[in-house]
Amino acid sequence: MIDQHTLDRLEFTKVLALIEGKCLTPFGHAEVRAFGPMYDCPTIEIRQQEISEMKDILNFGLPFPLSRIEDCRTLLDKSRVEGIFLDPKEIFAVLELVELSIALHGYDKEGRPKFPAISGHLGALKPFPELVRDIKKAIDERGEIKDDASPHLRETRAQIGDSRRRILRQLEQTLSAQTKQPGWQDDIVTQRNGRYVIPVPANLYRADVGILHDRSQSGATFYIEPKETVEHNNKLNMLLQEERLEMDRILRALTRQIAERADRLIDNVAIIGKLDSFHAAATFARLVKANRPRLVDTPVLDLIDARHPLLVAQFGSAEKVVPMNLNLDDNRQAVLVTGPNTGGKTVMLKTVGLVVLMAQSGLPIPADERSTIGIFKKVFADIGDEQSIELSLSTFSSHITNIINALKQVSGDSLVLFDEIGAGTDPKEGAALAEAVLLHIVNQGAKLLATTHYSQLKTLPLEHPAIENASLEFDRDTLAPTYRLKIGLPGSSYAVEIAGRLGMPEDVCNHASKLLGSGERSLADLISSVEAQLARIRTDQTELSERLARAKTMETEYQSKLESFKKDIELEREKALEETASLLDSTRKETERLVAEIRNTQASKESIKQIQKKLKETSAAVTNLKEKQEGERARSIDALKFLKGDLVRIVTLNKEGQIEAIVKGDRAKVKVGNVMTVVELRNLRHINSTTPTTRLKPIAGQNVEEVLSPEIHLRGMTAEEGKEALERFLDKAIVAGLRQVYVIHGKGTGALRRALTEYLREHKEVASIRLGDWNEGGAGVTVVELKQ
């Protein structure tokens with residue numbers, strides 16, 4: 001439904017050409033050339049999934065076994081023709097296809113659950129190992145039939161060798177016995193008409209010597225087959241014919257095997273073509289930093305950090321291309337973009353149209369993966385100057401022709417892209433015509449993106465809420481474009497300023513400014529003022545957002561600490577209740593025992609003293625338990641007061657230090673002298689209990705909360721160097737409270753990995769270790785879980 005003109009104007013064919021250049025097989029070239037926009041979400045999502053999985057394979061999987069091979073489809077057809085057989089080199093070309101099919105069919109069977117869509121294609125390939133075995137048994141790497149291709153061929157070639165040696169020996173004897181003439185040099189055995197002959201001077205030739213087969217160009221030498229070797233040559237020719245017949249029989253047999261499998265091999269060709277096209281598209285996606293967008297059925301789009309793929313490919317880096325954000329839906333149906341020439345308006349139009357075409361073709365797009373693209377049944381693009389002398393089309397006529405074509409077909413599922421709408425004619429008439437066209441398209445429900453220099457069109461959003469202004473930012477100080485798209489604000493063309501920058505005489509520019517209407521100047525000044533205010537607002541907004549984020553982080557941190565301390569207090573209370581209940585129970589039992597003993601002993605003085613002693617001991621135990629509970633409660637409440645900078649004493653070490661940071665709500669990072677240690681809050685006491693919140697101010701420039709990366713790179717180190725670096729890293733990780741770290745040691749010979757694994761297994765703070773998954777680096781990474 002999207003015509004070729006639109007595909008060409010939006011440079012979709014150029015993108016396909018770049019992808020096709022990444023293909024390794026002729027079958028992949030054909031598949032990529034068939035790529036085009038689709039209109040069914042499930043069908044598009046299937047291709048998206050296939051290319052996405054191939055991209056993951058390239059990033060994290062084993063090397064994908066695609067290789068360059070020749071197109072052997074005509075040879076497969078030829079093999080099925082009766083009475084024709086393939087020659088050795090043609091059979092060898094088919095062998096490359098069979099070997100590639102086998103390699104792909106056996107690719108990473110253990111890891112296939114991670115890429116089910118690609119796995120389906122790999123599993124559908126038909127391997128023919130028996131065909132590989134038979135071809136390699138008969139034909140060598142040079143495309144020659146081997147002696148061992150069959151027992152009869154081996155025997156025939158052995159007889160051919162014997163016959164040749166017998167003939168050559170006989171002829172060499174004849175030559176040595178021949179009378180030599182002065183200056184005679186042609187004393188060699190050669191062949192003529194497939195038979196071995198010897199040279200004889202013309203003046204010595206006699207008919208009874210042998211059979212004349214040829215003579216030299218000068219006529220001075222005759223090539224004779226002596227009578228003694230005629231029978232031997234006849235036998236040799238018979239053997240050569242026998243060899244040829246046996247070779248033909250072998251080639252016919254191999255051709256017959258290929259013909260029997262031709263249909264399935266052609267199926268393999270189609271599958272390999274698809275896999276190659278996915279591989280090429282994934283390779284291109286990695287080059288331009290493309291991602292899979294979210295796809296929806298409705299004709300909408302929400303682009304986040306979108307870039308033109310050809311610009312990214314040209315510059316070799318996505319960071320060198322300014323991204324753009326754009327949203328078109330039922331609330332914002334049309335966007336009217338204004339701004340100076342060379343500001344990037346045309347590139348913006350092409351970017352939007354191109355990423356829509358790529359997404360509907362199932363290709364990744366150079367935008368954030370959060371981008372959303374809907375299904376557009378029709379896309380119309382009038383971009384650039386298409387004037388034609390041959391067709392008698394002016395600039396205006398070419399634009400109007402494209403616009404008329406769009407107006408005839410536009411509907412609610414259309415995307416319309418107009419560059420400089422209404423240009424090329426009288427400005428007033430062009431602006432009026434442009435406004436009428438824009439409103440007609442909006443009324444049809446289509447999504448519209450148009451660029452213009454007409455000031456009259458900038459007021460349309462005031463009357464039509466579905467239309468919104470936008471502009472491409474321009475730095476008036478440097479008179480240079482920034483290529484950043486700003487939604488909601490119209491732009492100025494800055495024609496006079498740019499002309500002056502490019503060298504227009506100053507008096508001409510001043511005169512032009514005076515000729516410019518006061519209304520136009522006021523609008524330009526208003527736009528500039530609004531732009532400056534928006535810049536200040538964006539700066540303030542950024543600063544406020546950062547402050548709000550920091551405040552939320554602190555609120556979350558202290559709320560977490562508070563909840564943790566509440567839980568600790570509740571646990572201590574429950575523990576105290578259990579201890580009290582236990583003590584009361586034991587006291588009750590002891591009291592009952594003492595009462596029974598008094599009765600039995602009739603309260604002797606000695607027994608009363610013993611009873612009083614035990615009661616005092618029980619009372620003392622109750623008192624101690626109460627003091628302990630009160631102390632624990634006080635310490636729990638005290639823990640809420642510990643903050644960074646507090647001077648504290650570590651009870652377990654009997655050392656004084658300063659709190660550098662609170663770790664996970666229940667521990668503190670304390671600096672004692674030059675040593676940093678992590679201590680549970682319950683083991684800390686304020687040095688001055690009357691002023692528990694007294695803190696030392698951090699030293700200027702001191703980084704008390706260092707952010708530690710969860711990864712350490714040890715590739716290239718020796719085992720000892722690696723263990724020393726890992727020991728220091730683990731100490732920092734434990735202090736920082738990390739639960740999981742990644743030790744990147746590479747694959748190599750495995751010596752470094754084994755040494756580090758042995759070290760980690762013996763480390764007291766390590767809970768467990770494992771090799772990384774396929775998307776974590778595989779055998780080149782060890783994942784370490786630390787004890788909590």
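This passage walks through the overall make-up of the structure and then some of its helices, strands and loops.

The model is a predicted one, so local features rest on pLDDT of at least 70 and side-chain atom pairs on pLDDT 80 or more, while totals for chains, interfaces and linings use all residues. Residues are numbered from 1 along each chain as its sequence is written, and side-chain values use heavy atoms, with hydrogens and water left out.

The secondary structure comes to 22 helices and 23 strands, taken as DSSP runs numbered from the N terminus (helices are H or I with at least four residues, strands are E with at least two). The protein has 788 residues, of which 41% count as buried; here buried means under 20% relative accessible area, exposed means over 50%, and partly exposed lies in between, with a 1.4 Å probe and protein chains only. Among contacts with a separation of 6 or more, 67% link residues 24 or more positions apart, a contact being heavy atoms within 4.5 Å.

Towards the N terminus, a good place to begin is Glu11, in the loop between helix H1 (4–9) and H2. Most residues other than glycine have a negative phi. Glu11, however, has a positive phi of about 65° although it is not a glycine. With a relative accessibility of 14%, Glu11 counts as buried. Further along, helix H3 (residues 26–33) has Phe27, Gly28 and Val32 as buried residues. Seen down the axis of H3, these residues fall within an arc of 135°, so they line one face of the helix; the arc is that of the directions from the helix axis to the C-beta atoms. Their packing partners are helix H2 (12–20), helix H5 (73–79), helix H6 (88–105) and helix H11 (262–287).

Another helix pair is worth a visit. Two packed helices are described by the angle between their axes and the distance between the axes. For helix H8 (residues 129–138) and helix H10 (residues 227–260), the axes come within 11 Å and cross at roughly 160°, where axes are lines fitted to C-alpha atoms, for helices over the stretch in contact, and angles run from 0 to 180 degrees between N-to-C directions. H8 and H10 are therefore roughly antiparallel to each other, a label given to angles over 145 degrees, with under 35 counting as roughly parallel, 65 to 115 as roughly perpendicular and the rest as oblique. The crossing of H8 past H10 is left-handed, which means that the near helix is turned anticlockwise from the far one by less than a right angle. At this meeting, Leu131, Asp134, Ile135 and Ala138 of H8 touch Ile250, Leu254, Gln257 and Ile258 of H10.

After H11 comes a loop leading to E5, and Lys289 sits in that loop. Lys289 is a residue other than glycine with a positive phi, near 55°. E5 itself belongs to an open sheet of 4 strands in the order E5-E9-E6-E7, with mixed pairing; two strands pair if DSSP finds at least two bridges between them. The edges are strand E5 (294–295) and strand E7 (324–328), each pairing on one side only. E5 pairs with strand E9 (residues 372–373) in the parallel sense over 2 bridges, and Leu295 has Ile373 of E9 as its bridge partner. Helix H13 (residues 345–360) lies across strand E6 (301–306), E7 and E9, and runs at about 115° to E6.

Later in the chain, strand E15 (residues 647–650) shows a covered face, Val648 and Ile650, and an uncovered one, Leu647 and Arg649. E15 pairs with strand E16 (residues 655–663) in the antiparallel sense over 4 bridges, with Lys655 of E16 as the bridge partner of Ile650. The two strands form a hairpin with 4 residues between them, and Asn654 in the turn has a positive phi of about 55°. E15 is also joined by 3 bridges to strand E19 (residues 684–686), again antiparallel, and Arg649 stands opposite Arg685 there. Asn683 lies in the loop between strand E18 (675–680) and E19. Asn683 is buried, with a relative accessible area of 18%, and, leaving aside neighbours within four places in sequence, touches Arg649, Ile650, Val651 and Thr652.
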